[in-house]
Amino acid sequence: MSKIKDMRGRFGFHNLPFTRELRVEERFELPFFEDALEALHQTIEALMSAALIAPAGTGKTALLRALQARLPPARYDVHYVKVTNLSKRDMCREIADCVGARPAASYPMLVRRLQERFTDASDNDGLRPVLLIDEAHDMRPDVLSMLRILTNFDMDSRLVLGVVIAGQTPLRTMLRRDDIQDLARRLAHVAVLRTLAKDESHAYITHRCHIAGSHSVPFSPQAMEALYEIARGNLRATDQLALKTLDVAHRQSDDVASPNHVAQARQLLWP
Ligand SMILES: Nc1ncnc2c1ncn2[C@@H]1O[C@H](COP(=O)(O)OP(=O)(O)O)[C@@H](O)[C@H]1O
Ligand SMILES: [Mg+2]
């Protein structure tokens with residue numbers, strides 16, 4: 001009989017494990033992750049704004065997706081915007097495009113149109129507009145402070161739009177700037193995420209194997225240790241290293257990944 005050709009077959013997976021596609025229901029539920037989700041949810045329910053600050057690869061985008069899944073479309077009009085280094089006007093255009101506001105050429109007009117669009121959703125459709133802005137650490141300070149203007153309705157007498165800005169740790173420093181204080185003071189909550197501790201990392205790897213359809217975990221206990229030593233509980237690094245390790249083990253026709261496979265995978269990924 002021929003050797004199993006496919007990596008999934010060898011390790012008993014239905015799907016490729018450790019990939020980026022992850023259904024919200026299949027997420028790994030950790031107390032700190034669920035607490036951050038709950039706090040952001042409550043802030044949005046109160047029609048206020050919040051920030052989510054955490055290092056790259058620790059689950060911010062996954063958390064925003066989980067938040068969106070919690071906000072029923074019958075009550076919320078949620079839009080996800082991923083920003084790059086845009087000017088105020090281009091950022092407004094981007095948001096206008098995303099939420100379906102009427103286009104306009106000038107920045108002040110765009111702000112007006114956006115506000116109209118949000119009050120419309122709220123007054124006419126009974127929907128609460130929510131903006132989820134990812135990669136916000138890449139925003140220019142003046143663009144960040146523009147969000148303050150966007151959330152000001154009827155001279156601040158009404159709460160209409162809820163905003164969550166998610167970004168890597170430089171966002172924290174930006175929010176301390178004097179010229180950002182107007183916005184920073186509007187943030188009713190700042191959620192954080194952290195890297196996993198060793199036992200959490202083991203549980204995470206086990207979880208990702210299970211949701212990929214395997215009943216067992218194809219890493220030796222020492223390989224699990226090695227994964228943690230190298231990836232240090234960063235989710236994305238753990239995913240990349242674990243997947244590459246399985247690939248290496250599979251190519252060598254080994255059914256269980258060892259620390260040696262982990263070391264080879266590391267060399268291949270991050271030479
Ligand atoms: N709660 C979770 N359960 C399972 N996997 C997760 C969870 N959070 C994040 N991940 C996975 O970790 C990786 C990094 O997460 P991501 O949200 O992209 O991080 P960030 O946006 O902070 O850079 C993704 O591949 C994602 O699928
Ligand atoms: Mg992200």
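In this predicted model, a polar side-chain atom of Lys60 sits 2.8 Å from an oxygen atom of ligand 1. Lys60 has company: Phe28, Gly57, Ala62 and Arg236 are also among the residues that come nearest, out of 18 around ligand 1. Let's look at how the protein surrounds this ligand.

**Polar contacts**
- Ala62 takes part through its backbone, where a polar atom is 2.8 Å from an oxygen atom of ligand 1.
- Arg236 uses its side chain instead: an N or O atom there lies 2.8 Å from an oxygen atom of ligand 1.

**How covered the ligand is**
- On its own, ligand 1 would expose 550 Å², and the protein buries 92% of that area.
- If you look for the largest pocket, you will find it in the space taken by ligand 1.

**What makes up the shell**
- Three helices each give two or more residues to the shell around ligand 1: helix 3 (60-70), helix 9 (198-211) and helix 11 (235-251).
- Sorted by class, the shell holds eight nonpolar residues, six charged ones and four polar ones.

**Where the ligand lies**
- Why is ligand 1 said to lie between domain 1 and domain 2?
- Both domain 1 (31-192) and domain 2 (196-269) give residues to the shell around ligand 1, so the ligand lies between them.

Notes: Residues are numbered from 1 along each chain as its sequence is written. Chains are lettered from A and ligands numbered from 1 in the order in which they are written. This is a predicted model: local features need pLDDT of at least 70, side-chain atom pairs count only at pLDDT 80 or more; totals for chains, interfaces and linings use all residues. Side-chain values use heavy atoms; hydrogens and water are left out. A residue is near a molecule or strand if one of its heavy atoms lies within 4 Å of it. A polar contact is a pair of N or O atoms within 3.5 Å; within protein, one must be able to donate a hydrogen and the other to accept it, and residues adjacent in sequence count only if both atoms are side-chain atoms. Accessible areas come from the Shrake-Rupley method with a 1.4 Å probe; for residues, only the protein chains shown count as cover. On a 1 Å grid over the protein atoms alone, a cavity is a set of points where a 1.4 Å probe fits but cannot get out, and a pocket is an open set with protein on both sides within 12 Å along at least five of seven lines; lining residues have an atom within 4 Å of a point. A molecule sits in a cavity or pocket if more than half of its atoms lie within 2 Å of its grid points. Helices (H or I, at least four residues) and strands (E, at least two) are DSSP runs, numbered from the N terminus. Ala, Val, Leu, Ile, Met, Phe, Trp, Tyr, Cys and Pro count as nonpolar, Asp, Glu, Lys and Arg as charged, and the others, Gly among them, as polar. Domain bounds come from an automatic or database domain assignment.
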